[in-house]
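Colleague: Could you take me closely through one part of this model, the sheet and whatever packs around it? I would like one connected account rather than a list.

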Amino acid sequence: DGVSRWIELFYNLYTKGDPFAPTWMPDDVAAFERFHNEDAPRVDDAAYVLSMQSREDFEKRVAELSKKYGKDIVVHTTKNRDGMTEKEYAQKYFLYNGYGYGENYDGILLLISTSAEDPGWKTTTYASGSGRDKLTEVNKERLEGFCRGKLDSYDFSGAVDIWLRKLDGMERTGRVSRSFGYWLWITIFSLLSGAGFGGVSSGRALKKMEAPALAGNADVYLLAGSLSVTGGDKFLNTTTNKIYDPITTSSSSSERSSGSSGGRSSYTSSHVRKAKSQRVLCEAVSEGNV
């Protein structure tokens, strides 16, 4: 077996230029002419990571997408990239197996692979012809990101399924939409950021609205020469208060007055004095003395 394997590798080295070249690589690469191979499998599970039911389902979906968008959709899995990088392997696999529609060999390939030289499952998307029109760097990164999310849990069927669904969306809208979890995280992050910013802004506003506290010796804040009083005194008004003070007579005086008057009434004398006092008071008021 060792000798047989050595002969095979020796033959590949001199015919294909690479002793570990895969069987689908042509013997004379320099003389290779591109062709269309309608019989090549569009779902080639060389790594045997998909169930029979999954392969049949994916073959139907791939055929529908290819017819719908006029591009050759291919899915390939392998456990050996024969020393090539994911990009090199995907490009040569698409080229040498005769994939692609029309003169420009329009098509898109999904490669899920691992290798002894680079362990761990990898994924890449290769496009040819018009297949490159909508496969921007952002869309390519998102397509492969969705696949890697499934491959982390060894869900190979899930990886192919989500790649086909997102590819369909990309061809319809021109972009690969993000996941629901991404938008949920963005919403939560926006709410938290808004709440934090609003709290800080409200705190600053409330701080500015605080009433100033009373302080002793506030005159230290008064700048010298900033306060001055100008103008002279100005008369505003005059207020006059009037008080009535009736004249009272003692009983002894009344009796003496009554005796001397020969029986005249004391009321008359008292009344006269009161009237005289009122007259004097009125004259004083009118002259401004009271």
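**The sheet and its surroundings**

Modeller: The protein exposes about 20,200 Å², of which carbon and sulfur atoms supply 55%. This is a predicted model, and buried residues make up 29% of its 290 residues. The secondary structure comes to eight helices and four strands, and from the N terminus on the elements follow the order α-β-α-β-α-β-β-α-α-α-α-α. Among the contacts with a separation of 6 or more, 64% are between residues 24 or more positions apart.

Turning to the sheet, its four strands form an open arrangement in the order β1-β2-β3-β4, and the pairing is mixed. The edges are formed by β1 (43-45) and β4 (122-128), each of which pairs on one side only. On average, and with direction ignored, neighbouring strands of this sheet are turned by 10 degrees against each other. At one edge, β1 and β2 run parallel and are joined by three bridges, with Val 43 having Val 75 as its bridge partner in β2. At the other edge, β3 (residues 107-113) and β4 run antiparallel and are joined by seven bridges; there the bridge partner of Leu 110 in β4 is Thr 125.

Strand β2 deserves a closer look, since seven of its seven residues are buried. In a regular strand the side chains alternate between the two faces of the sheet. For β2, both faces are covered: Asp 72, Val 74, His 76 and Thr 78 are buried on one side, and Ile 73, Val 75 and Thr 77 are buried on the other. Val 75, then, is a buried residue of β2 and also the bridge partner of Val 43.

Two of the helices that lie across the sheet can be described by their direction relative to β3. Helix α3 (residues 86-96) lies across β1, β2 (72-78), β3 and β4, and runs at about 130 degrees to β3. Helix α5 (residues 156-173) lies across β2, β3 and β4, and runs at about 155 degrees to β3.

Helix α5 also packs against another helix. Two packed helices are described by the angle between their axes and the distance between the axes. For α2 (residues 52-69) and α5 the angle is about 10 degrees and the axes are 11 Å apart; with angles under 35 degrees counted as roughly parallel, α2 and α5 are therefore roughly parallel to each other. On the α2 side the contact involves Ser 54, Phe 58, Arg 61, Val 62, Leu 65, Lys 68 and Tyr 69, which meet Ser 157, Val 160, Asp 161, Leu 164, Arg 165, Asp 168, Glu 171 and Arg 172 of α5. The residues of this contact divide into six nonpolar, two polar and seven charged.

Ser 51 has its place in the loop between β1 and α2, and at 38% relative accessibility it counts as partly exposed. Although Ser 51 and Phe 156 are 105 residues apart along the chain, their C-alpha atoms are separated by 9.6 Å.

Finally, the edge strand β4 brings in one more helix. Glu 144 lies in helix α4 (residues 137-151) and, leaving aside its neighbours within four places in sequence, is in contact with Thr 123, Thr 124 and Thr 125. The last of these, Thr 125, is the bridge partner of Leu 110. Glu 144 has a relative accessible area of 9%, and because residues under 20% count as buried, Glu 144 is a buried residue.

Technical notes. Residues numbered from 1 in each chain as written. Predicted model: local features only at pLDDT ≥ 70, side-chain atom pairs only at ≥ 80, totals over all residues. Heavy atoms only, no water. Pairing = 2+ DSSP bridges. Axes fitted to C-alpha atoms, helices over the stretch in contact; angles between N-to-C directions. Contact = heavy atoms within 4.5 Å. Buried < 20%, exposed > 50% of the residue type's maximum accessible area, 1.4 Å probe, protein only. Areas by Shrake-Rupley, 256 points an atom, 1.4 Å probe, with all protein chains shown as cover. Parallel < 35°, antiparallel > 145°, perpendicular 65-115°, else oblique. Nonpolar A, V, L, I, M, F, W, Y, C, P; charged D, E, K, R; others polar.
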